[in-house]
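Let's take a walk through this chain together, starting with the overall plan and then stopping at a few individual residues. Keep the viewer open as you read.

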Amino acid sequence: MWKENDLSDITWAMCQASPTFLECFVHFFFPEVDIHSIIDFVRESPDEQDGGSRVDFLFRVQDDATPYLIEVKINDRNQHFGQYDNAYNVTPDRLGYITNYPLYEEGYDKIRQWEQFYDLMENRVKSFPESEETNLIKGYLSYVKNVCEIIKNYDIFIVTYELEEKESLKKSLENLDKENINKIAVLIPCYNEAKTVKKVVEDF
């Protein structure tokens, strides 16, 4: 459930199960689309030229033969700019792209990040009435936060240390709530990157 294909499958299922989610997800990339005009929302649709390309999501709207595409990425840096445009005969403004890392490609203005979508939905869901659909969306957001490694300020435990201070760090970790250990990030200057507590301990 933690791979890129799993995230795509679950996101597609959410679009099928929740009209509210579908509207939010589509408008995240294409705010101009009338949700009620969507006539299909397909997972891994092959292109009609030679079938060599399989974009994660493809949908069409009434009275428009040109599809809209959305590609999902987690960590994978194998990009499809140019490839999908040509294969599906679309312009860059019809190619939505969502990653869990910063990405820029000249000429493509539909590139988004999962953290942006998470923040948008987290704020919007606060105004939703209590319902099974709302609970479903909340569960999805929890899943996305974990699989895309989204770390928010209230989850961060900052530790500054030198390599010879590992024992002190270990002692500090022992006092943490074990149930919340995976929600905490340790920022380590000598590693030059953020790592979860679990990964830090494994490196010792």
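What pattern does the chain follow when it is read along the sequence? The answer is α-α-β-β-β-α-β-β-α-α-α-β-β-α. Please keep in mind that this is a predicted model. In total, the secondary structure comes to 7 helices and 7 strands. Of the 204 residues in the chain, 43% are buried. If you take the contacts between residues at least 6 apart in sequence, 56% of them join residues at least 24 apart.

A good place to begin is the sheet. Here 5 strands form an open sheet with mixed pairing, and their order is β1-β2-β3-β4-β5. At the edges stand β1 (38–46) and β5 (111–113); each has a single partner strand, so one side of each is left without a neighbour in the sheet. On average, and ignoring direction, neighbouring strands of this sheet are turned by 25 degrees against each other. As general background, strands of a sheet pair through backbone hydrogen bonds, either parallel or antiparallel. For a parallel example, look at β3 (residues 64–72) and β4 (residues 95–99), which are joined by 4 bridges. Within that part of the sheet, Ile70 stands opposite Gly96 in β4.

Now bring in the first of the helices to visit. Helix α1 (residues 4–17) lies across β1, β2 (54–61) and β3, and runs at about 165 degrees to β1. One residue to pick out in helix α1 is Thr11. Is Thr11 buried or exposed? Its relative accessible area is 0%, and because the cut-off for buried is under 20%, Thr11 counts as buried. Leaving aside neighbours within four places in sequence, Thr11 is in contact with Phe21, Phe25, Phe57, Trp114 and Tyr140.

Two of those partners lead on to a pair of helices. The axes of α4 (residues 114–125) and α5 come within 10 Å and cross at roughly 150 degrees. That angle makes α4 roughly antiparallel to α5. The contact is made on the α4 side by Trp114, Phe117, Tyr118, Met121, Glu122 and Val125, and on the α5 side by Thr134, Ile137, Lys138, Tyr140, Leu141, Val144 and Lys145. As for its handedness, the crossing of α4 and α5 is left-handed. Trp114 and Tyr140, then, take part in this helix contact and also touch Thr11.

The loops deserve a look too. Between α3 (83–88) and β4 there is a loop that contains Asn89, and Arg94 has its place there as well. Which of these two is buried, and which is exposed? Asn89 is exposed, with a relative accessible area of 63%, whereas Arg94 is buried, with a relative accessible area of 15%. Not counting residues up to four places away in sequence, Arg94 touches Phe30, Asp64, Thr66, Pro67, Tyr68 and Leu69. With Thr66 there is a polar link: a polar atom of the Arg94 side chain lies 2.7 Å from the backbone oxygen of Thr66.

Finally, a note on backbone angles. Asn89 has a positive phi of about 55 degrees, although it is not a glycine. Glu149, also not a glycine, has a positive phi of about 55 degrees, and Glu149 is found in the loop between α5 (132–147) and α6 (166–174).

Note on methods:
Residues are numbered from 1 along each chain as its sequence is written. This is a predicted model: local features need pLDDT of at least 70, side-chain atom pairs count only at pLDDT 80 or more; totals for chains, interfaces and linings use all residues. Side-chain values use heavy atoms; hydrogens and water are left out. Two strands pair if DSSP finds at least two bridges between them. Helices (H or I, at least four residues) and strands (E, at least two) are DSSP runs, numbered from the N terminus. Axes are lines fitted to C-alpha atoms, for helices over the stretch in contact, and angles run from 0 to 180 degrees between N-to-C directions. Contact means heavy atoms within 4.5 Å. Buried means under 20% relative accessible area, exposed over 50%, partly exposed in between (1.4 Å probe, protein chains only). A polar contact is a pair of N or O atoms within 3.5 Å; within protein, one must be able to donate a hydrogen and the other to accept it, and residues adjacent in sequence count only if both atoms are side-chain atoms. Angles under 35 degrees count as roughly parallel, over 145 as roughly antiparallel, 65 to 115 as roughly perpendicular and the rest as oblique. A crossing is left-handed if the near helix is turned anticlockwise from the far one by less than a right angle, and right-handed if clockwise.
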